[in-house]
Each structure stands twice: as C-alpha cells, then as structure tokens.
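User: I'd like a close look at one part of this protein. Please keep it plain, and build the picture outwards from a single residue.

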Amino acid sequence: YDVVDYAHVDPRYGGDEALRELVMTVHQRGLRVILDVAFNHLSNEHPFFVDAHSNPGSPYRGWFTFDDSELGYRSFFGVKSMPQLNVANPACRQWLIDTACYWLTEFDVDGFRLDVADGPGPSFWAEFRAACRRVKPESLHFGEVVDAPDVQQQYIGKLDGLLDFHLCEALRKTYALGRWSEADFNRFYERHAAAFPDDFVMLSFVDNHDMDRFLLMAGEDKVALRRAAERQFALNRIPVIFYGTEVGLHQPQSVRGEGMGLHLSRIPMVWGSEQDADLLEFYRRLIASRRG
C-alpha cells in the first residue's frame, strides 16, 4: 500500500464531485486513498448531539453518555467540543458502519486510518471491518492504539493492523536521541515483531502530527534522519512518511514547551527551493528500492 491521507473535503471547493475526481486521479497513478476518520467522538455542534443534549426524549440520546460531570457528558479527553459516541448503542453503531460503507462505495476510497481506535474497542472494529470487507473486499483498515503490546494484540483479527508507536519510540531513541545502540534496537525489534503475526499489518513511522518532528529531536541532524529512514524502510512494516519529513521541514519549537501546542509540528508544507532536494531524492530512492 502507498498511503495517501485525504482527511477533509470542504464543500466550498467542489465537495463530493471534487473528492470523486481526486480519488479517480490518484487511482490512475497506481495509488490508494485512505481516509483518516474518528469514530470515537463527534462535534458538540453536530445536529445529533445538539438534539440529544437539549432533548431527553431525543432518538439520539442513547448515542452519548450523559452524566453528572462538569460537562454533563462523556467526551474525548474531557474536551467540551468532542462528545464521545456510545458505540454500544445499536443505532449509533450501525450509523457509523453505514457511514464507512458509504465512503467505500460512493467515493471508492480504499480504507480507513481509525483515530482513537481504542475508544470504540476491538468488538466494534470486528463488526466494522466485516461490513467494510463485504462492500470492498480489498479495503485496508488500521487503527491508532497507543497502548502496550498486550492491549494491541486484542485487535488481531479485528483490524488489519495498527500504527506501530512502540517502533517509532525505538527508532527515535536509537537514531534521534542516541540513547540506544543499534544492538539495543535489534534486540527490541526481535521481541516486538514476535508479538504480532505476519498478516497483522504494523505501520512504521518516525514522526507524526501528535509529536515533535524527528529532526527537532535529532537537533536537525539529517544524517540521523537518513539512518532512521533506512532502518524504517528495511523493516517488515508498511512505512508511513509524515508530510515534510522527506524534504527537511523545520519545526521551530517543541510542542512540549510552556504555552506551546501541536500546531508547531503541523506547520505548513514548504515547496520549491525551500525543500531539501537531496533529502527528497534520498527518500525517492528508498521508496524505489522497496518497490523493486
């Protein structure tokens, strides 16, 4: 799989037809489109939640968990704007599954990157994946589960795979921070890989949108990035590249600083002469070598 993450289509810029055209164009280039979706929560401005919140008799009342907390309902990380869905409710559960099947059939997308997959839990995803496979047998569905391997193992047979956060940490310890030797990494990887069957896809990455970029952690050492990328691409994992990593996109400060935030690692892409052309060519060679 070559993963293209197309997360949002604004109707002001063409809406449904624009997305259909985009997917068709991407497919013509031999690529597949994976949508990034969150089935753990909705916006507090979504009409289903607005109705459920204001009307105890709403048909959507059971889609959420109302309680005696300060907010009055369960939400993702206690954030007011993200009320959590109750996937145990049959109607809510079916609506989410129908939504996924709609994107697969109406827009011909190729699967989903499932945000906060540990929220809905393994049993939901087993039903979800079975339904998606019925309408598109070759679709791919992998989750974000930031937990220990024994917890991640609960998703074997329920999803096609997971993003490999433990491998990311190991790559950063070894190549960005220098805390591990390559022998340390090899010992880790041997144990870690043995915890999951070969047909359970674990996707590798060295950075993403929820953490400091690798280059910042490595003190802008692009040799360290190249070594990490070489190891990443050599492993039996689908490699994921966070936009900009392949051209040396610079993050000015850590997201962990006082008053800072994740927007620092989600800075705009750079183009033209601002890109590191040598680094980009290095990544192209890695991709070509892996495909070959």
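Leaving aside its neighbours within four places in sequence, which residues is Cys132 in contact with?

Analyst: One point before we start: this is a predicted model.

Set aside the neighbours within four places in sequence, and Cys132 is in contact with Ala100, Cys101, Leu104, Phe112, Ser139 and His141. Cys132 itself is found in helix H4. Its relative accessibility is 0%. Buried means under 20%, so Cys132 counts as buried.

Now place those partners. Start with Ala100, Cys101 and Leu104. These three belong to H3, and they are among the residues through which H3 touches H4. Cys132 is also part of that contact, on the H4 side. Trp103 gives a sense of distance here. Cys132 and Trp103 lie 29 residues apart in sequence, while their C-alpha atoms are 9.8 Å apart in space.

Next, the helix pair as a whole. Two packed helices are described by the angle between their axes and the distance between the axes. For H3 and H4, the angle is about 35 degrees and the axes are 9 Å apart. The crossing of H3 past H4 is right-handed. H3 brings Arg93, Gln94, Leu96, Ile97, Ala100, Cys101, Leu104 and Thr105 to the contact. H4 answers with Ser123, Phe124, Glu127, Phe128, Ala131, Cys132 and Val135. Sort the residues of this contact by type and you get 10 nonpolar, three polar and two charged.

Now turn to Phe112, another partner of Cys132. Phe112 sits on one side of strand S3, together with Leu114. Gly111, Arg113 and Asp115 are on the other side. In a regular strand the side chains alternate between the two faces of the sheet. In S3, both faces are covered, and five of its five residues are buried.

S3 has strand partners too. S2 and S3 pair in the parallel sense, over four bridges. S3 and S4 also pair in the parallel sense, again over four bridges. Leu114 lets you trace both pairings. It is the bridge partner of Val37 in the first, and its own bridge partner in S4 is Gly143. In S4, Phe142 is the bridge partner of Arg113.

That leads to His141, a further contact of Cys132. His141 is in strand S4, which covers residues 140–143. His141 and Gly143 point one way from S4, and Leu140 and Phe142 point the other way. All four are buried.

Next, the core. The largest nonpolar core has 39 residues. Those with the most contacts inside it are Val109, Phe112, Leu114, Trp125 and Phe128. Two or more residues of this core come from each of these elements: helix H1 (15–28), strand S2 (32–38), helix H2 (47–54), helix H3 (90–106), strand S3 (111–115) and helix H4 (122–135). H3 gives the most, with six residues. Several names return here. Phe112 touches Cys132, and Phe128 is part of the contact between H3 and H4.

Val109 is worth a look as well. Not counting residues up to four places away in sequence, Val109 touches Val23, Val33, Leu35, Trp103, Leu104 and Lys136. Leu104 is shared: Cys132 is in contact with it, and Val109 touches it too.

There is another core, apart from this one, with 22 residues. Among them are Tyr175, Phe185, Val206 and Leu215.

One last stop is the backbone at Asp108. This residue is found in the loop between H3 and S3. Most residues other than glycine have a negative phi, and most peptide bonds are trans. Asp108 has a phi near 60 degrees, which is a positive value in a residue other than glycine. Its relative accessible area is 36%, so Asp108 is partly exposed.

To recap, Cys132 is buried. Its contacts include Ala100, Cys101 and Leu104, which H3 brings to its contact with H4. They also include Phe112 and His141. Phe112 lies on one side of S3, and His141 belongs to S4.

Terms used. Residues are numbered from 1 along each chain as its sequence is written. This is a predicted model: local features need pLDDT of at least 70, side-chain atom pairs count only at pLDDT 80 or more; totals for chains, interfaces and linings use all residues. Side-chain values use heavy atoms; hydrogens and water are left out. A nonpolar core is a set of buried Ala, Val, Leu, Ile, Met, Phe, Trp, Tyr and Cys residues joined through side-chain atoms within 4.5 Å. Buried means under 20% relative accessible area, exposed over 50%, partly exposed in between (1.4 Å probe, protein chains only). Contact means heavy atoms within 4.5 Å. Axes are lines fitted to C-alpha atoms, for helices over the stretch in contact, and angles run from 0 to 180 degrees between N-to-C directions. A crossing is left-handed if the near helix is turned anticlockwise from the far one by less than a right angle, and right-handed if clockwise. Ala, Val, Leu, Ile, Met, Phe, Trp, Tyr, Cys and Pro count as nonpolar, Asp, Glu, Lys and Arg as charged, and the others, Gly among them, as polar. Two strands pair if DSSP finds at least two bridges between them.
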